[in-house]
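Subject: Handing over a structure, with notes

Dear colleague,

I am passing on the structure below, and I would be glad if you opened it before reading further. My notes on what was found in it follow underneath.

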Amino acid sequence: MPASTAARLLDTGRVPALDRALDADAALERIAAAGLRGRGGAGFALADKLRAVRANAAGGETYVVANAYDADPDSPLARTLLEGSAELVVRGIELAMLITGASRAFLYLHPAATGARSAAESALAGHEDMEIALGPGGFMGGEESALLNVLESKRAMARQRPPYPAVQGYLMRPTLVSSAETLAWLPFVLEGAKADTKLVSVTGIVASPGVYEVPLGTTLGDVLERAGGVRSSSKAELKAIHVGGPTGGILAAARRSTRLDYEELRTAGTHLGSGQVRALGTDVCMVREAGRLFAYLAKESCAICVPCRVGTKRVQGILEGVSSSLGRDADLPWLTELGDHMERFSLCGFGITAPSILRTTMREFPDDYRAHISEQRCPTGTCTTLRARRYETMVQP
């Protein structure tokens, strides 16, 4: 079997043996050659993160944190992986500890992931240097610097960076923070396999929503086909593909040939993010959808930095006004300016990537915005005015 197809995280029952005599430098070269990049969204090269932790250790304590938090509730990638192969994730943590010289590791879980926690507890039996840590719930609990605060019994709020966790992480010591999916690849790449697949959560108007493992480079259209394509019972046709979860961009259906690739998605205006690929139908108004997403982000923001705390709420308000036929031509450049400010000055990836929602919907679906602002109508007939919404709320029993 070719090395590039030797490993599949969801399909294999095999966990490679642990070599405690592992040569760290040789391991780092093999990890770099395999092209293993972070599966948590940013896509940073794992070999570089491992080297940075080793370089900053200076003979002191170092730590490993396997992030299995699944901040996006509609993308349960880590819990699916743990429920199916917790031993593989634990083996990856062991290898990361050997390479970095870490003395202690945490497997960081969402409090609602009870099945994953049970599987992890069984896999961790006998590992006294590893423990399970539970996040607080909420989206920001999975952000890499916020989770370090949680481990230190502080609020889940983003930290100023630099310094990065590889320099000053848990207890101000060098710390590797990596997704559970990324670490699960370590046992295989050290055997010579290429890290060539990605777990994705396919949702929306597809026939068979769920978690799938697909080769990196698969087109978004083919990802949807893996989930059965647009379900036959849907009254709407495919209008858009939302990639990356709550902070990800929304691409027009015509871009279904865009590949599931770090650089290609970035060029398209989005990112891998939480790994969610969501199919949206022609009955979805993109102005209202963008407003709904920003309402969620405004609620989930940790609120430590002004650009994100104020920016998400301000964008939400403008989008609600536009979808309620209260929009003005000046709203569009104002939204662009707010997005630029959030991207430039937010402390963490939450605020930095959120503007991709604005940029993509305004670029890909200008007619939805134009209909609301210039023609005072919703192109799909699904939006109601703020007055109507408030009246409906008041008369509810």
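Let me begin with two helices, α11 and α13, whose crossing is left-handed. Please keep in mind throughout that this is a predicted model. Helix α11 covers residues 331–345 and helix α13 covers residues 356–364, and the two pack at an angle of about 145°, with their axes 9 Å apart. On the side of α11 the residues that meet the partner are L332, L335, T336, G339, D340 and E343, while α13 brings L358, R359 and M362 to the contact. Sorted by class, this contact of α11 with α13 has 4 nonpolar, 2 polar and 3 charged residues.

Both of these helices also appear around helix α14, which runs over residues 366–374 and in which D368, Y369, A371, H372 and I373 are buried. What covers these buried residues includes β7, α9 (286–300), α10 (306–323), α11 and α13. Just after α14 comes Q376, which takes a positive phi of about 55°, and I return to that residue near the end.

The first sheet

An open sheet of 5 strands has the order β6-β5-β9-β7-β8, and its pairing is mixed. Its edge strands are β6 (210–215) and β8 (249–252), each of which pairs on one side only. From one strand to the next, the twist averages 30°. If you would like to follow the pairing strand by strand, β5 and β6 pair in the antiparallel sense over 6 bridges, and V202 stands opposite G210 in β6. Strand β5 (residues 197–204) is also joined to β9 by 4 bridges, and these two run parallel, with A279 in β9 as the bridge partner of G204. On to β7 (residues 238–243): 5 bridges join this strand to β9, and here the two run antiparallel, with L280 in β9 as the bridge partner of A240.

Why can strand β9 be called largely enclosed by the rest of the structure? The reason is that 6 of the 6 residues of β9 (residues 276–281) are buried. Q276, R278 and L280 point one way from the strand, whereas V277, A279 and G281 point the other way, and all are buried.

One residue of β5 deserves a careful look here, namely T203. With a relative accessible area of 14%, T203 falls under the 20% limit and therefore counts as buried. A polar contact of 2.7 Å joins the side chains of T203 and Q276. Leaving aside its neighbours within four places in sequence, T203 is in contact with D74, P209, Q276, V277, R278 and A279.

The second sheet

Another open sheet is formed by 4 strands in the order β3-β2-β1-β4, and its pairing is parallel. The edge strands are β3 (130–134) and β4 (175–179), each pairing on one side only. Neighbouring strands of this sheet are turned by 20° against each other on average, direction ignored. Helix α4 (residues 114–123) packs on the sheet, where it touches β2 (104–109) and β3, and its direction makes about 165° with that of β3. Within the sheet, strand β1 (residues 63–68) and β4 pair in the parallel sense over 5 bridges, and Y63 stands opposite T175 in β4.

A buried glutamate can be found in helix α3 (residues 77–100), at E94, which has a relative accessible area of 9%. Apart from neighbours within four places in sequence, E94 is in contact with L18, R20, H127 and M130.

Backbone details

Most residues other than glycine have a negative phi, and most peptide bonds are trans. Against that background, where should you look for exceptions? The peptide bond from R161 to P162 is cis, with omega near 0°, and a cis peptide bond also joins P162 and P163, where omega is about 5°. P162 has its place in the loop between α5 (144–151) and β4, and P163 lies in that loop between α5 and β4 as well.

For phi, D70 has a positive value near 55°; D70 is found in the loop between β1 and α3, and it is buried, with a relative accessible area of 13%. Q376 likewise has a positive phi, of about 55°, although it is not a glycine. Q376 lies in the loop between α14 and α15 (386–395), and at 41% relative accessibility it counts as partly exposed.

With best wishes

Notes: Residues are numbered from 1 along each chain as its sequence is written. This is a predicted model: local features need pLDDT of at least 70, side-chain atom pairs count only at pLDDT 80 or more; totals for chains, interfaces and linings use all residues. Side-chain values use heavy atoms; hydrogens and water are left out. Buried means under 20% relative accessible area, exposed over 50%, partly exposed in between (1.4 Å probe, protein chains only). Contact means heavy atoms within 4.5 Å. Two strands pair if DSSP finds at least two bridges between them. A polar contact is a pair of N or O atoms within 3.5 Å; within protein, one must be able to donate a hydrogen and the other to accept it, and residues adjacent in sequence count only if both atoms are side-chain atoms. Axes are lines fitted to C-alpha atoms, for helices over the stretch in contact, and angles run from 0 to 180 degrees between N-to-C directions. A crossing is left-handed if the near helix is turned anticlockwise from the far one by less than a right angle, and right-handed if clockwise. Ala, Val, Leu, Ile, Met, Phe, Trp, Tyr, Cys and Pro count as nonpolar, Asp, Glu, Lys and Arg as charged, and the others, Gly among them, as polar.
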